Amino acid sequence: MKLISICYYIYYCFKIYEHEKKTLKALTKAASKISLTTDCWKSSHQKIKYMVITGHFIDHNWRLQKHVLSFVHIPPPRTGLDIADGIYKCLKHWEIEDKIFTISIDNAAYNDRALRRLKEIFSRVRKLTCGRRLFHVRCCAHVLNLLVKDGLAMIDSVIREVREGIKYINNSEARLQTFSNIAHQLQIQDRKLLLDVPTRWNSTYDMLSVALKFKDVFPRFVEYEPHFHHLPNDEEWVHVESVCTNVISGSDYPTSNLYLIEVFIVKETLDKGALSKNDFIKTMVTKMKEKFDKYWGECHLVMAIASVLDPRFKMKLVEFSFPTIYSNAEKNIEEVKKALYEMYEEYLEVHDASVREAATPANGCGGKEVSKTSLGSGWEAFGEFIKNTDLERPEKSELDMYLEEGVYRDPRQKGMDSFKALEWWNVHKLKYRVLSKMAMDVLAIPISTIASEATFSAGGRVIDPYRSSLAPDTVEKLICGGDWIRHRYGIKKKLKKEEMPIEVLLPTGTSNT
């Protein structure tokens with residue numbers, strides 16, 4: 001009976017998978033362009049490697065859609081060619097190979113080879129946007145992680161001491177009470193410590209920032225706990241404070257139109273650190289700047305074009321930030337302008353072709369003039385007149401008009417995230433019929449592979465020790481089906497416990513210490 005129930009459950013899951021897949025296929029078919037993120041993950045229980053491919057696009061209601069398209073086993077040796085073949089096989093399966101706009105991927109050598117192969121394949125059958133310069137998007141979050149890790153490596157021993165010290169305090173109610181009492185005596189208002197996730201640098205930053213508030217508590221805690229040996233010295237606390245305030249700051253992963261300002265802030269912080277009188281900071285910043293120049297030394301076109309298509313920025317943010325980010329700012333600004341107009345012309349050609357096709361009489365009259373009386377009504381005659389006038393290009397392009405207008409400002413909006421660029425373009429799509437389509441595709445480009453990495457959390461839950469014998473095809477159906485159902489009902493994926501920082505709450509009451 002139990003076996004029958006399990007079989008029915010699996011059958012039901014597969015039926016849901018097929019139903020949701022059909023719905024998603026209709027969405028991808030209607031999409032203008034689709035951008036991809038992809039990454040690889042090794043299952044600790046199956047000892048095999050999977051590749052996840054996530055599709056990103058804007059639907060006809062101007063809503064950003066993000067769906068897992070594939071979660072497949074990639075057998076050894078997993079070369080760049082293997083990854084390229086796996087991606088292309090997925091695209092053929094979904095029948096979207098002619099819609100791919102960009103692919104965002106980590107900065108690994110085999111990924112570079114995979115993208116070169118895919119560029120060659122796609123270039124044989126169609127023209128890639130901007131002469132293939134936008135196709136390969138390097139993961140900005142990965143670059144930022146590399147920079148920060150270089151910085152944190154300089155205080156690695158202190159981080160370990162703080163982490164182990166918080167663990168020690170959290171292991172006993174009595175220790176927590178003692179620590180809390182000392183904090184109360186020193187009139188420290190904060191009532192919690194944080195224990196980080198070592199693989200997530202922003203949680204490490206948060207842990208250190210909170211620990212700094214209690215730096216005077218730790219040495220007094222030793223007086224009550226002689227076995228407590230995790231105590232940074234004064235110089236080490238100074239280094240932690242310098243890193244947290246002068247070099248690294250907590251940050252979420254913003255969307256493509258907001259990433260340029262984040263990169264500007266990083267570069268400005270590094271430049272200030274390089275002028276510091278503190279030798280420790282100067283040494284650390286030098287290493288980080290080398291990494292910055294390695295990955296962001298050349299103009300990042302996707303990041304720049306996405307910011308231009310945010311009406312709050314247009315070309316102003318590029319002109320403001322590029323002199324700080326790049327040594328050859330004027331050249332890079334011109335490169336962005338050139339790419340913008342080149343891209344706009346490509347979209348304009350597609351638009352004109354669709355208008356000409358719509359203006360062609362359906363009865364096969366070809367180029368012959370159709371009399372107004374044969375159209376049946378004045379409305380139909382007017383409709384034909386509009387179709388023909390639409391073939392005439394205006395003197396000033398939509399891109400010129402958009403850039404010449406002032407940047408958008410709304411005093412009612414607070415913070416960068418309160419403004420929704422997609423909503424603005426939806427409202428103005430009739431004014432900018434061509435440029436809005438370009439914005440629709442560009443603003444869907446993921447600037448990092450975070451979306452794909454998040455799927456691995458679900459992978460870990462599906463392939464647990466009790467399900468390690470699941471076939472890769474079954475794993476894919478469970479992962480993809482789960483992702484599609486969550487999107488349908490607006491359910492947000494929860495992080496696993498080990499992926500979340502632990503809040504160590506300090507007791508509010510006091511007792512004799």
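This report walks through a predicted protein model, from its overall make-up to a few chosen spots.

**The overall picture**

Let's start with the whole chain. The protein has 513 residues, and 46% of them are buried. Its secondary structure comes to 20 helices and seven strands. If you count contacts between residues with a separation of 6 or more, 76% of them join residues 24 or more positions apart. The accessible surface is about 27700 Å², with carbon and sulfur atoms making up 53% of that.

**The five-stranded sheet**

A good place to look next is an open sheet of five strands, in the order β3-β2-β1-β4-β5, with mixed pairing. The edges belong to β3 (64-73) and β5 (136-138); each has a single partner strand, so one side of each has no neighbour in the sheet. On average, neighbouring strands here are turned by 25° against each other, direction ignored.

What holds strands like these side by side? Strands of a sheet pair through backbone hydrogen bonds, and the pairing can be parallel or antiparallel. This sheet has both kinds. β1 and β2 run antiparallel and share eight bridges, and β2 and β3 are also antiparallel, joined by nine bridges. Strand β1 (residues 34-42) pairs with strand β4 (residues 100-105) in the parallel sense, over three bridges.

Thr 37 is a handy residue to find in the viewer. Its bridge partner in β2 is Thr 54, while its bridge partner in β4 is Ser 104. Further along the sheet, Gly 55 has His 67 as its bridge partner in β3.

Two hairpins are worth a glance as well. Six residues sit between the strands in the hairpin of β1 and β2, where Lys 47 takes a positive phi near 60°. The hairpin of β2 and β3 has five residues between its strands, and there Trp 62 takes a positive phi near 60°.

Why is β2 described as largely enclosed by the rest of the structure? Because nine of its ten residues are buried. Part of its surroundings is helix α20 (residues 472-489), which lies across β2 (49-58) and β3 and runs at about 170° to β3.

**Inside and outside**

Now for some single residues. Phe 214 sits in the loop between α7 (201-213) and α8 (217-224). Is Phe 214 buried or exposed? With a relative accessible area of 0%, Phe 214 is buried. Leaving out residues up to four places away in sequence, Phe 214 touches several others, including Phe 179, Ile 188, Lys 192 and Leu 506. Phe 179 is 35 residues away along the chain, and the C-alpha atoms of the two are separated by 9.4 Å.

Compare that with Tyr 408, which is found in the loop between α16 (398-404) and α17 (421-427). Tyr 408 counts as partly exposed, at 27% relative accessibility. Among the residues Tyr 408 touches are Pro 311, Arg 312 and Trp 424. In sequence, Tyr 408 and Trp 424 are 16 residues apart; C-alpha to C-alpha, they are 9.7 Å apart.

Helix α18 (residues 435-442) is mostly covered, with seven of its eight residues buried. Among the buried ones are Leu 435, Met 438 and Val 442. On the surface, Trp 379, Phe 382 and Phe 385 make a nonpolar patch of about 430 Å². One of these, Phe 385, lies in helix α15 (residues 378-389).

**Salt bridges**

The count of salt bridges comes to 19. Here are three of them:

| Pair | Closest N to O distance |
|---|---|
| Arg 133 and Glu 342 | 2.6 Å |
| Glu 164 and Lys 167 | 3.5 Å |
| Glu 404 and Lys 396 | 2.9 Å |

The pair of Arg 133 and Glu 342 links distant parts of the chain, 209 residues apart: Arg 133 is in the loop between α3 (109-125) and β5, and Glu 342 is in helix α14 (residues 329-359). Arg 133 is partly exposed at 34% relative accessible area, and Glu 342 is partly exposed at 27%.

Glu 164 and Lys 167, by contrast, both belong to helix α5 (residues 156-170) and are three residues apart, about one turn of the helix. An α-helix has 3.6 residues a turn, so residues three or four places apart point the same way.

In the remaining pair of the table, Glu 404 is exposed, with a relative accessible area of 55%, whereas Lys 396 is partly exposed at 39%. Elsewhere, Lys 267, Asp 271 and Lys 289 are linked in a network of salt bridges.

Technical notes
Residues numbered from 1 in each chain as written. Predicted model: local features only at pLDDT ≥ 70, side-chain atom pairs only at ≥ 80, totals over all residues. Heavy atoms only, no water. Helix = DSSP H or I, 4+ residues; strand = E, 2+ residues; numbered from the N terminus. Buried < 20%, exposed > 50% of the residue type's maximum accessible area, 1.4 Å probe, protein only. Contact = heavy atoms within 4.5 Å. Areas by Shrake-Rupley, 256 points an atom, 1.4 Å probe, with all protein chains shown as cover. Pairing = 2+ DSSP bridges. Axes fitted to C-alpha atoms, helices over the stretch in contact; angles between N-to-C directions. Patch = residues over 30% accessible without salt bridge, like charges linked within 9 Å, V, L, I, M, F, W, Y side chains within 5 Å. Salt bridge = Lys/Arg side-chain N within 4 Å of Asp/Glu carboxyl O.
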